[in-house]
Structure formats: structure tokens, C-alpha cells
Amino acid sequence: MAAELGHFINGERVGGTSGRLFDIFNPSTGEVQRQVTLASAAEVEKAVDAAQKAFPAWAAINPQRRARVIFKFKELVEKDMDNLARMLSEEHGKVLPDARGDVQRGLEVVEFACGIPHLQKGEYTDAAGPGIDVYSMRQPLGVVAGITPFNFPAMIPMWMFSVAIACGNTFINKPSEKDPSVPLRLAELMMEAGAPEGVLNVVNGDKEAVDAILADPRVKAISFVGSSKIAHYIYATGTANGKRVQAFGGAKNHMIVLPDADMENAVNNLIGSAFGSAGERCMATPVAVPVGEETADTLVAMLKPKVEALRIGPSLSEDSDLGPLVTAAHREQVRAYIDLAVEEGQELVVDGRDFSLQGYENGFFMGGTLLDRARPGHKSYDEEIFGPVLQVARAKNFEEAVALPSNHQYGNGVAIFTRNGAAAREFAQKVNVGMVGVNVPIPVPVAYHTFGGWKRSGYGDINQHGPEGVRFWTKVKTVTQRWPEDVQGPEFVIPTMG
Ligand code: NAD
């Protein structure tokens with residue numbers, strides 16, 4: 001078997017000492033391609049030591065020089081794009097063009113972070129009182145951490161660490177144990193870009209490593225992205241331990257299709273966003289909500305041949321629409337949800353459960369599945385499936401179409417397809433979901449806006465990247481100053497500006 005992956009601590013790759021290993025598969029072939037070491041609490045402590053040591057000097061560097069490191073990192077990632085995308089595709093299973101997109105969407109936040117000298121500026125009020133000026137500054141927090149999921153091993157670590165490091169923090173990334181090669185390579189590139197040792201560390205591991213991060217009082221903030229159960233655990237434990245925490249969880253995004261929508265356009269957008277990356281995206285669209293029976297019948301009839309015609313292939317192929325799922329265990333879970341949906345009375349329009357790819361029979365492939373007549377109360381609708389499965393939940397009218405995503409336990413993204421501007425506007429105003437697309441199926445905000453879902457899709461108050469990212473990774477200090485020329489007497493009344 002090929003190399004064993006360790007950690008990246010204090011500017012270099014180091015082997016693991018815990019003796020615990022985890023298999024990393026190539027999901028297209030089903031083979032174990034390498035193993036990753038799972039950190040003990042003592043190994044996490046070493047990474048925190050390195051980050052703690054690096055913090056004072058890194059925080060003291062002026063923001064323009066920090067921005068130069070981030071800018072150089074952007075150039076190095078661009079140069080390494082093909083290598084990163086291939087590595088990512090081989091461990092995750094998403095097709096190569098989509099793997100490049102994963103790196104590129106992370107890079108867009110890196111580009112945003114290059115503007116840190118401007119973004120981190122404080123505010124100033126001249127003459128707030130007699131001879132008094134007030135100013136504020138945004139200071140870094142110290143050692144901070146990012147715990148990241150398997151489904152975006154390039155984008156999500158870059159969302160977090162590029163802004164955190166640009167702000168003057170030092171960082172520990174605990175990536176998913178399923179595809180850790182890209183996060184390790186990104187840390188190497190950050191060092192090559194000129195970041196001092198200890199500024200970006202990667203500790204591989206599972207719950208043991210996460211619990212060590214949660215327990216260490218030197219870690220001041222944690223950004224988490226993953227499933228809701230773990231997001232809640234991280235939020236509850238991290239905040240109880242006095243840390244700042246943002247924790248983003250699972251999703252079940254709906255796409256509303258009004259009767260006046262361009263149906264061909266809506267169907268194409270649904271197919272791409274439901275089945276791209278085999279549905280393993282938190283901003284995928286696993287639920288279609290056609291409004292009215294006629295719209296629903298047309299939509300299902302148009303979707304069926306397109307789901308049957310999906311091109312499913314090995315991840316390194318450039319012309320597949322989707323590749324395999326991440327692990328055999330995850331594929332079993334997705335299959336079980338389809339079995340359940342059928343038991344719950346949903347209509348199985350296209351069944352992808354038994355798909356097998358010739359020449360890749362051991363790969364973790366599934367065909368696309370289309371289910372009609374999903375309802376709230378069906379467990380398979382109420383929960384996240386995270387696979388190549390599209391459920392149709394028919395709505396009688398506009399009000400019901402607003403209510404379905406609004407009442408769902410998750411509130412990450414939602415979309416509406418229509419030609420009616422007033423209806424779209426009303427929908428965007430009323431719907432109880434964090435990110436809304438109007439004729440846009442995957443409304444992931446651009447890097448200089450902010451990303452974050454509501455309800456069980458996001459715990460905490462501050463979003464990811466954009467100006468909110470800078471707020472999350474800094475604390476505000478406000479200074480009130482005067483330089484009196486005369487000696488002043490004691491003041492017993494609270495000073496007011498009246
Ligand atoms: P996951 O929750 O299994 O793992 C996420 C991270 O938590 C990993 O680093 C993992 O090692 C760690 N972890 C797992 N079990 C743990 C435990 N018991 N204690 C402590 N840490 C633990 O999620 P995943 O399967 O890697 O990713 C898929 C999930 O992430 C889906 O639910 C998806 O919707 C969600 N996701 C959400 C967003 C978002 O922005 N809301 C983005 C991407 C993915």
C-alpha cells in the first residue's frame with residue numbers, strides 16, 4: 001500500500017505516533033489507496049504549541065505583508081491546480097472539472113482575504129467629546145481552528161484559514177479523515193508562500209483530535225462545517241468551554257418551480273444541482289417543489305429521461321456528469337433512504353440503487369434516483385440523504401411552496417424558478433432559509449458576501465467569509481482617548497455627550 005499520511009505541524013510534515021490508522025479509498029475503484037494516521041490528544045497539543053508560539057510575531061506583522069503571503073499562496077495554488085484537483089478527485093470521487101471548481105471556489109475567498117489591510121481597518125471618530133477621540137481596532141484572536149467535512153476538502157479549509165490567517169491568527173485545520181491529502185498540500189503551499197512555521201498546521205484525526213481541540217483553552221475560536229449532529233455538539237461544547245464557535249450543518253434544499261417558469265431551464269438547473277457531485281453538496285437541490293398538479297406532472301415527465309441519461313463514470317474522466325459516492329458505507333445509507341421512501345409511499349420514478357459501472361464493479365457508484373410525492377412526515381424527506389436522489393414534493397399553491405422549506409428542520413439554501421418578479425421577491429422576503437436563489441439553483445454567495453444557513457444548518461451568529469468572516473476571526477477593541485493640557489478634577493457623574 002502507498003504512503004501513510006501524517007500531520008503538518010510547525011512548518012513540516014510529521015508522522016503520526018498514535019498507532020491508529022484510517023483507510024482512504026479511491027471511490028472509483030473501491031480500493032484502499034493509502035492510510036491516514038489519527039491524532040492522539042498529545043499530537044493535537046503539539047500543533048497548538050506550534051501555533052501558540054507563532055502567534056505573537058505573525059499578529060505583529062503589518063497587514064500588507066500578511067496579504068502578500070496570502071497573494072503568493074493564491075499564485076502557488078493556481079500553479080498546482082491540476083495536481084490538487086486530481087488528488088481531490090481520487091480521494092473524494094467528484095469528477096475532475098468539479099474538483100477544479102472546489103479549488104477555485106476556495107481561491108475566490110483567498111483573493112478576498114488579499115484585501116485584509118482594508119477589511120481589517122477600524123473606525124475613528126474625531127472629537128467625540130471635548131478633546132476626545134474614539135477609535136476601534138480589530139485584533140486577531142490567537143490560535144484558532146477549523147474542522148472540515150469530506151465534501152469540499154479544498155474550498156472549505158481555504159474559506160476558513162485564508163481569512164483567519166490574513167487577520168493575524170494562527171490556525172489548526174482538522175480535515176475529514178476521508179480525504180486529507182489536499183488540506184496537507186495546502187499547508188505546504190502556505191509555507192512556500194512565506195508563512196512562518198506554525199501559522200498553518202494540519203492535524204488529521206477523528207473525534208479524539210476534535211475533542212482535544214475543544215478542550216484546549218489556548219484555542220480561541222472554532223469554525224466547523226459538517227453534519228448537524230456534530231455541528232451541534234461542537235457548538236455546545238466549544239461555547240461551554242468559552243470559545244467563539246460557528247458551526248454549519250446539514251441541509252435539504254428545495255427548488256420551487258412556479259407554473260410560469262421556463263420548464264426546460266428549470267429542469268436543466270435541477271438536474272445539475274441535484275446530481276452534480278453525486279448530490280454530496282450542502283447546497284445541492286435534493287427536493288423539487290412544483291406548484292400545481294399540471295406543473296408537477298410536466299416536471300416529472302421532463303426529469304425522468306434526463307435522470308435516466310446521466311453520465312456516470314470514474315472520477316478522473318473529464319466527461320462524466322457524476323462519479324461515485326465517497327464510501328461504500330455512505331452508499332448503503334443512501335440506498336436505505338430510497339428503500340424507506342418507497343415504504344413511505346413515494347413513487348419510484350427512476351431507481352438508481354442497483355447501478356454498476358462496467359470495469360469498475362467495486363467502485364461506490366449509484367445511478368440517479370427520482371422519487372415523486374414526498375411529504376413532510378416522511379423520514380426520507382425530513383432528513384438529509386446526501387446522495388444522487390431527487391425527491392419531488394408537490395405543492396398545491398404558492399403559500400404551500402413557501403411553507404415547505406420554511407418549516408423544514410434545515411434552512412441552508414432554497415431556490416425559486418419563475419418569470420414573475422413580484423412572486424420571486426415575495427418568496428425571498430418570506431422564506432425561512434439563509435441563502436436564496438432566484439432562477440439560480442445553487443445560491444452559494446460569492447466570496448465577498450457571506451455564507452451561512454439557518455435553523456439546523458447553522459449554529460452561531462456570524463457567517464462564513466465576506467465581511468462576516470473578518471468579524472468572526474477578530475475581536476474589536478475600542479479606545480477613547482484625550483490628551484489634556486490642564487489638570488482635571490475628579491468627575492463623579494458618568495460622562496455623557498449631552
Ligand atoms: P461529519 O459531520 O461526519 O464530519 C465533519 C467533521 O467532523 C470531520 O472533520 C470529522 O472528522 C468530524 N467528526 C465526525 N464525527 C465526529 C464526532 N463524533 N465528534 C467530533 N468530530 C467528528 O460530516 P461529513 O460527512 O464529513 O460531511 C457531510 C456533511 O457536511 C453533510 O451533512 C453536509 O450537508 C454537511 N456540509 C455542510 C455545509 C454547510 O456549509 N452547511 C457544507 C458542506 C458540508
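Which residues is V350 in contact with, leaving aside its neighbours within four places in sequence? In this predicted model, V350 is in contact with K304, V307, E308, G368, T369 and L370. The residue belongs to strand β15. With a relative accessibility of 8%, V350 counts as buried, because buried means under 20%. One of its contacts can be followed along the chain: K304 is 46 residues away from V350 in sequence, yet the two C-alpha atoms are 6.7 Å apart in space.

From V350 it is a short step to the sheet that holds its strand. Seven strands form this open sheet, and reading across it gives the order β15-β16-β17-β14-β13-β19-β20, with mixed pairing. The edges are taken by β15 (347–350) and β20 (435–438); each has a single partner strand, so one side of each is left without a neighbour in the sheet. From one strand to the next, the twist averages 20°. Strands of a sheet pair through backbone hydrogen bonds, in either a parallel or an antiparallel sense. The parallel sense is found between strand β14 (residues 287–290) and strand β17 (residues 389–392), which pair over two bridges. Here A288 stands opposite V392 in β17.

Helices pack on this sheet as well. Helix α10 (residues 263–275) touches β13 (254–257), β14, β16 (369–372), β17 and β19 (413–417), and its direction makes about 175° with that of β13. Helix α15 (residues 421–430) also packs on the sheet, where it touches β13, β19 and β20; the angle between its direction and that of β19 is about 165°.

The wider view is one of two domains. The protein is divided into domain 1, which covers 3–249 + 457–479, and domain 2, which covers 254–438. Their centres, taken over C-alpha atoms, are separated by 31 Å. Domain 1 brings 23 residues to the contact and domain 2 brings 26 residues. Between the two domains, about 2000 Å² of area is buried, and carbon and sulfur atoms give 58% of it. On the domain 1 side, the residues that lose the most area to domain 2 are S28, V95 and S457, which together account for 26% of what that side buries.

The nonpolar cores add to this picture. The largest of them has 67 residues, and those with the most contacts inside it are F73, F161, I165, F171, M190 and W473. Helix α6 (residues 155–166) gives the most to this core, with 10 residues. Both domain 1 and domain 2 give residues to the core, so it lies between them. Another core lies apart from it and has 37 residues, among them A266, A278, L299 and F417.

M190, named above for its contacts inside the largest core, also appears among the contacts of V69. Not counting residues up to four places away in sequence, V69 touches W58, M190, A193, G194 and A195. V69 lies in helix α2 (residues 63–79). Its relative accessibility is 9%, so V69 counts as buried. For a sense of distance across the model, V69 and K379 are 310 residues apart along the chain, and their C-alpha atoms are separated by 48 Å.

Pairing in the antiparallel sense can be followed through three further strands. Strand β6 (residues 124–129) and strand β7 (residues 132–140) run antiparallel and are joined by three bridges. Across this pair, T125 stands opposite V134 in β7. The hairpin of β6 and β7 has two residues between the strands, and G131 takes a positive phi near 70° there. β7 also pairs with strand β23 (residues 474–482), again in the antiparallel sense, over nine bridges. In β23, R482 is the bridge partner of I132.

A last stop is S40, found in the loop between β5 (31–37) and α1 (41–60). Is this serine buried or exposed? At 16% relative accessibility, S40 counts as buried. Leaving aside neighbours within four places in sequence, S40 is in contact with S18 and E208.

Conventions. Residues are numbered from 1 along each chain as its sequence is written. This is a predicted model: local features need pLDDT of at least 70, side-chain atom pairs count only at pLDDT 80 or more; totals for chains, interfaces and linings use all residues. Side-chain values use heavy atoms; hydrogens and water are left out. A nonpolar core is a set of buried Ala, Val, Leu, Ile, Met, Phe, Trp, Tyr and Cys residues joined through side-chain atoms within 4.5 Å. Buried means under 20% relative accessible area, exposed over 50%, partly exposed in between (1.4 Å probe, protein chains only). Helices (H or I, at least four residues) and strands (E, at least two) are DSSP runs, numbered from the N terminus. Domain bounds come from an automatic or database domain assignment. Two strands pair if DSSP finds at least two bridges between them. Axes are lines fitted to C-alpha atoms, for helices over the stretch in contact, and angles run from 0 to 180 degrees between N-to-C directions. Contact means heavy atoms within 4.5 Å. Buried area is the accessible area (1.4 Å probe) that two parts lose on being put together, summed over both.
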